[in-house]
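New to this one? Here is a quick tour with a few stops along the way.

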Amino acid sequence: MKKIYITTPLYYVNAFPHIGHAYTQIICDAITRFKKQAGYDTFFMTGTDEHGEKIEKAAMEAGFKNGDEKNFVDTIVPRFKKTWEKLDIEYDYFMRTTDEAHENTVREVLRILYEKGKIYKKVYKGWFCTPCEAFWSESQASDNLCPDCKRNLERLDEENYFFKISEYQDTLKKHIKDNPSFILPEIRRNEVLGFLDNNRLQDLCISRPKSRMSWGIELPFDKNFVTYVWFDALINYISGAGFLGDRKKFDELWPADSHVIGKDILRHHAVYWPIMLMAIGVALPKHILTHGWWVIAGEKMSKSKGNIVDPITMIDKYGVDAFRYFLLSAVEFGYDGTFSEELFIEKYNADLANDLGNLVNRTLTMMEKYFGGVVPALPDTAYEEKDMKSDAEGMQVQLATVFAEGNSQATLGIIWEKWVKKANKYIEESAPWKLAKENDKKLKEVMYNLIQILALVALFLYPFMPKTSRNIWKQLGMESDISGIRFSDDSEKSISARGRVPAWGLVPAGAKISKSNPLFPRIISK
Ligand code: ME8
């Protein structure tokens, strides 16, 4: 059976990861967990991009000698892995562009394309931006500044190998037009179509003479050259899926369901990569999900600008799920978002301390107080909370529809409005403390409902905040592992037919609540 194959970009190892990279990881992790929960088999791949000029430069700056770059990158990769571990990123495979299997695949792809006549040699005269790894023509860079990052360009006048991409322009345009969900969200799709409408594609330079830069993969047809960083890196998506090595794995994984990227590398993924695949004769990925940038004081957070925030600092200070929640909920997928600790604290206090934390804490406190922590059986006369019960049934499908385009903000928004906030309102309106005082038998029903609501909240939150969701599940006295629960498949752990959740009754009467410390204590800002 085809697996859902999700990828992140392969990050450059010239510096440690920051919040921008963390965001892409968290989105991919949430998508993968969401799909698993819905009953699909998944494969989530991430990794590092380790060749090229800027990595070589970083290695030299760190005191490593020419030819010793691999030892330098080996010192950086563990930091990426450690950060992903702290962020609870459950990937299946960590791909490095220095892996032998990947390098072999790149060489083989180069050979195939060279033999097909898709790669040729010519003298290149023009401009080059080292930080962006991008070539620019005279007309594109009239002021000698990179049109993308506005930094100084380097003049180049050298022989190189080029990949013929110009001949695929119309086929690509047609593919994008015929497949409206190929590039998401729409604003990014329009950006690519606008670029293809207004520019004639220039053939892509894919090599560097070794005399200038040797930290790359040697071309199989010319040992004086190594391949250009993008040509190397993009192939990871198929090499990691077993292309040319493991046919069975490749058939299970390809085409990828979603390449998740930031808007900075949209053109590489939505123009160059599909054309490479067309030239090789491989199907195109289904979706390219493109998010915006995290911005600090109006500027893109980036290694080269030096305005980065380390995710590990945030996690150590506020906890992993509070950090995941902020990144996933504070910005609409596809658009830029502003990061600041003040905004973080504001959102933490409002959504996590006040809404979610409070809901869990006061429900469980009342359970202990009124029922000694044992979930009561529902009385025969129970009226049940009809609204929420019927909402629960269609909930997974509703969330899946919204989250299909990566919009975690809207997805979490639904969970908050329809569940967390509504449940708090239910507590206010039904006032269990009054019912208890009046010895009203409706108290049992209200508390029973609240417990079922909490169980569903834990399940709905699991892809986004796995630790919190596990914690709530455990406090409800549930012994199963929440990560193994499927909304819809044939296994024993499945809790319903595909796409439907059996709303009420996940926590059985008699379950013993084990309340622990408040989930998200309020942060008092200085
Ligand atoms: O581009 N806001 O690597 P890279 C949001 N090696 N996301 C951000 C971000 C920000 N301020 N800064 C970085 C490369 N990102 C290539 C990719 S793929 C075959 C090769 C995230 O280390 C975002 O996902 O510069 C962006 O696309 C990626 O990191 C760029 O990482």
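Let's start at the ligand, keeping in mind that this is a predicted model. A backbone N or O atom of Gly20 sits 3.3 Å from a nitrogen atom of the ligand. Tyr12 and Met301 also offer backbone atoms, and the table puts these contacts side by side.

| Residue | Protein atom | Ligand atom | Distance |
|---|---|---|---|
| Gly20 | backbone N or O | nitrogen | 3.3 Å |
| Tyr12 | polar backbone atom | oxygen | 3.0 Å |
| Met301 | backbone N or O | nitrogen | 2.8 Å |

Met301 turns up again when you look at the wider surroundings: 25 residues lie around the ligand, and Met301 is among those that come nearest, together with Leu10, Thr24, Asp49 and Trp294.

Next stop, a sheet. Four strands make up an open sheet in the order β5-β4-β6-β8, and their pairing is antiparallel. β5 (134–136) and β8 (204–205) each have a single partner strand, so they stand at the edges with one side lacking a neighbour in the sheet. The partner of β5 is β4 (residues 119–129), joined to β5 in the antiparallel sense over 3 bridges. Look for Trp127 there: Trp136 in β5 stands opposite.

Last, a pair of helices. α11 (residues 311–318) and α12 (residues 320–329) have axes that come within 7 Å and cross at roughly 120 degrees. The two helices are therefore oblique to each other. Where they touch, α11 brings Pro311, Met314, Ile315 and Tyr318, while α12 brings Val320, Ala322 and Phe323. By class, that contact has 7 nonpolar residues, with no polar and no charged ones.

Technical notes. Residues numbered from 1 in each chain as written. Predicted model: local features only at pLDDT ≥ 70, side-chain atom pairs only at ≥ 80, totals over all residues. Heavy atoms only, no water. Axes fitted to C-alpha atoms, helices over the stretch in contact; angles between N-to-C directions. Parallel < 35°, antiparallel > 145°, perpendicular 65-115°, else oblique. Contact = heavy atoms within 4.5 Å. Nonpolar A, V, L, I, M, F, W, Y, C, P; charged D, E, K, R; others polar. Pairing = 2+ DSSP bridges. Near = heavy atom within 4 Å. Polar contact = N/O pair within 3.5 Å; in protein donor to acceptor, adjacent residues only side chain to side chain.
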